[in-house]
Amino acid sequence: MANSKDEQDNILTTRQGHPVSNNQSQRTVGSRGPATLENYHFLEKISHFDRERIPERVVHARGFVCYGEFEADGTIGDEPATKYTRAKIFSAKGKKTPLAIRFSTVIGGRDSSEVARDPRGFAVKFYTEDGNWDLVGNNLAVFFIRDAIKFPDVIHALKPDPVTFRQEPNRIFDFMSQTPESMHMLTHLFSPRGIPASYRHMEGFGVNTYKMVNAEGSTVLVKYHFHPKCGLASLTQAEAEKVQAKDLGSASKDLFEAIERGEFPQWDVYVQVMEDHDHPELDWDPLDDTKIWPEHQFPLRHVGVMTLNRNVQDHHNENEQIAMGTGVLVDGLDFSDDKMLVGRTFSYSDTQRHRVGTNYLQLPVNQPKGVKAVHTNQRGGQMSYGIDLAEGQNPHVNFEPSIHNGLHEAPRKPNNPPEIRGRLTTSVIDRRNDYVQPRGRYNTMMGWERDDLVENLGNLLSQCERDVQERMLWHLFLVHDDYGTRVGKALGMTAKDVTHLAPLAGQVLTEEDKKRLQNLGNNGDKIDPTVWGKWTSSVHNHQAKAEEVLDGMKGVKIETPPKPELHEQTV
């Protein structure tokens with residue numbers, strides 16, 4: 001239950017003893033960003049979080065690596081790729097780029113179940129001729145939070161209790177009930193999409209918003225999508241429990257054996273493209289990673305095909321030591337000011353240096369493969385076994401600039417993003433609109449997915465304290481009448497039990513939300529799937545059986561959606 005002690009006794013502080021007056025937002029230029037480097041509280045918080053486990057990954061501890069290639073179309077949709085990006089990986093039809101990919105679960109330890117309900121990591125390392133490009137995403141298109149300062153909190157809520165060391169629904173939904181932006185992700189995660197039948201039968205998403213830059217320096221915002229050619233397949237909770245009873249590593253086994261028998265998994269790769277500005281005409285912010293970009297407004301544009309065709313030779317060297325990072329971009333690709341992306345870019349590299357070592361990039365699985373050579377002025381550090389000298393470079397000069405035959409800067413290329421002005425602030429983005437997209441997802445999922453979602457949330461929330469149940473149900477009614485009614489029935493509650501709740505402190509409701517709040521549970525919502533196929537992830541999902549998964553999905557024929565058609569929208 002809520003703590004009855006005086007609130008002053010429980011003030012959050014830093015390890016320096018400084019009271020934390022804002023634990024919700026990083027300091028940014030304007031409410032949308034970019035974030036600034038002097039975010040001391042965030043840097044201390046995330047740095048400590050990155051070092052919480054030794055030597056296993058704090059998150060994504062259980063995973064599996066294999067290799068393959070990306071073959072480009074040379075186009076983005078029906079236009080030349082060069083219109084949007086000078087990145088060579090996309091430049092020519094038939095151009096192939098080798099890659100490594102690591103699929104993973106997020107919360108469980110290294111020996112945990114691979115059919116646990118959890119987002120799946122979908123991290124691709126492209127070994128391009130301009131160096132490595134890491135696209136570190138998930139199988140679900142959105143995330144729980146929109147600001148990286150909350151990442152340690154959401155993971156702590158999902159991880160085992162620090163006292164009982166059990167994953168506790170009351171802890172998870174205590175946090176989520178106070179975080180309205182999480183409703184979209186929860187609606188994905190607690191549906192069957194939270195338990196893919198295999199790594200081969202799931203989608204992949206970059207999740208964050210990135211940029212592309214063309215030869216003239218013009219920029220566009222982009223999101224990345226991977227659609228499996230073999231179709232989607234997922235498990236209900238009941239079927240997943242049958243798999244877990246017999247095999248904790250079913251997903252890794254499936255992927256390894258499929259490649260060994262020559263059944264190479266493939267994904268169609270798409271991007272969505274948006275002009276590079278803040279888009280005031282939208283009722284959601286395109287930099288908010290708890291939101292998708294609806295495809296009827298921003299269509300999927302095919303850019304190529306990813307094929308996986310080779311397994312690792314050594315699990316430790318190539319899986320445990322592979323190191324991904326969102327900051328690993330090549331010329332022609334760039335960051336947006338997405339607050340999660342900015343925070344992840346620091347966190348990933350920081351945790352790799354802690355976990356694998358200062359010189360983790362000297363390991364073969366992490367070395368760039370397509371470049372002629374690597375030349376840096378970095379020397380020493382733990383486990384160093386090479387020096388990045390250029391041919392003929394003066395070995396005495398490990399600094400820049402120098403007139404004595406040291407390294408020098410590469411020519412600068414144009415990059416002309418929009419100008420950003422704003423006050424330094426620690427605030428939330430303005431257009432939050434936390435309920436409209438979960439409503440779209442609830443409407444467009446298949447009936448069996450919706451049934452499993454309701455059953456899962458009902459079962460877990462029944463294990464929570466009353467105050468957590470009430471607030472979660474309040475959110476679900478704001479999403480959709482049917483959503484709240486069905487989950488409430490499992491709890492023995494109705495809308496009347498939560499109408500007394502006021503919005504959370506600091507919560508901003510839209511005008512539509514305010515109207516819904518006045519008629520909670522009786523807003524006349526219908527299950528309307530008319531936007532089927534227009535909402536990310538609302539495509540056919542095969543209801544997999546445990547027997548199919550344990551048999552490696554052999555012979556299972558799955559309906560695959562037609563390739564998306566481009567509409568008139570252009571950039």
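Helices and strands here are DSSP runs, numbered from the N terminus, with at least four residues for a helix and at least two for a strand. With that in hand, take histidine 60. Histidine 60 sits in the loop between H1 and strand S2 (63-72). Keep in mind that this is a predicted model.

Why start there? Two reasons. The backbone comes first. Histidine 60 has a phi near 65°, which is positive in a residue other than glycine. Most residues other than glycine have a negative phi. Now the side of accessibility. Is histidine 60 buried or exposed? The relative accessibility of histidine 60 is 15%, and the cut-off for buried is under 20%, so histidine 60 counts as buried.

Histidine 60 also takes us to the cavities. How many cavities of 30 Å³ or more does the structure hold? There are 6. The largest cavity has about 510 Å³ of space. Its lining has 36 residues, and those closest to the centre are Val59, His60, Val136, Arg344 and Tyr348. So much for the centre; now the walls. Several elements each give two or more residues to the lining of the largest cavity. The helices are H1 (40-50), H2 (151-158) and H8 (339-355). The strands are S5 (96-105), S6 (120-128) and S7 (131-138). Which element gives the most? That is H8, with 7 residues. By class, the lining of the largest cavity holds 20 nonpolar, 9 polar and 7 charged residues.

On to the second largest cavity. The volume is about 80 Å³. Among its lining residues are Asn139, Leu140, Arg193 and Pro196. His201, Met202 and Glu203 line the second largest cavity too. So do Ser537 and Asn541. Strand S11 (residues 232-234) gives the most to this lining, with 3 residues. Those classes split into 5 nonpolar, 5 polar and 2 charged for the second largest cavity.

Back to two helices from the wall of the largest cavity, H1 and H2. Two packed helices are described by the angle between their axes and the distance between the axes. For H1 and H2, the axes come within 9 Å. They cross at roughly 40°. Angles under 35 degrees would count as roughly parallel, and 65 to 115 as roughly perpendicular, so H1 and H2 are oblique to each other. Which residues meet? From H1, Lys45, Ile46 and Phe49. From H2, Phe151, Pro152, Asp153, Ile155 and His156. The residues of this contact of H1 with H2 are 5 nonpolar, 1 polar and 2 charged.

Next, an open site. The second largest pocket has about 1,100 Å³ of space. A total of 38 residues line the second largest pocket, and Ala116, Arg117, Gln167, Ile172 and Gln237 are the closest to its centre. Helices H3 (169-177), H5 (237-244) and H10 (447-461) each supply at least two residues of that lining. The classes there are 15 nonpolar, 13 polar and 10 charged.

H10 appears again around helix H9 (436-444). How many of the 9 residues of H9 are buried? The count is 8, so to speak of H9 as mostly covered is fair. The buried residues of H9 include Gln437, Pro438, Arg439, Tyr442 and Thr444. What do the buried residues of H9 pack against? Helix H4 (183-189), H10, helix H11 (466-479), helix H12 (481-491) and helix H13 (511-518).

Just before H9 comes another backbone point. Asparagine 433 lies in the loop between S15 and H9. Asparagine 433 has a positive phi of about 40°, although it is not a glycine. At 8% relative accessibility, asparagine 433 counts as buried.

Now the prolines. Most peptide bonds are trans. Two here deserve a look. Glycine 33 and proline 34 are joined by a cis peptide bond, with omega about 15°. Proline 34 is in the loop between strand S1 (27-29) and H1. Glutamate 400 to proline 401 is also cis, with omega near 10°. Where is proline 401? In the loop between H8 and S15.

Proline 395 has its place in the loop between H8 and strand S15 (424-426) as well. Proline 395 counts as exposed because its relative accessibility is 55%. The C-alpha atoms of proline 395 and cysteine 230 are 52 Å from each other, with the two positions 165 residues apart along the chain.

Note on methods:
Residues numbered from 1 in each chain as written. Predicted model: local features only at pLDDT ≥ 70, side-chain atom pairs only at ≥ 80, totals over all residues. Heavy atoms only, no water. 1 Å grid on protein atoms, 1.4 Å probe; cavity = no way out; pocket = protein on both sides within 12 Å on 5 of 7 lines; lining within 4 Å. Points joined across faces, edges and corners; volume = space filled by probe spheres on them. Nonpolar A, V, L, I, M, F, W, Y, C, P; charged D, E, K, R; others polar. Axes fitted to C-alpha atoms, helices over the stretch in contact; angles between N-to-C directions. Parallel < 35°, antiparallel > 145°, perpendicular 65-115°, else oblique. Contact = heavy atoms within 4.5 Å. Buried < 20%, exposed > 50% of the residue type's maximum accessible area, 1.4 Å probe, protein only.
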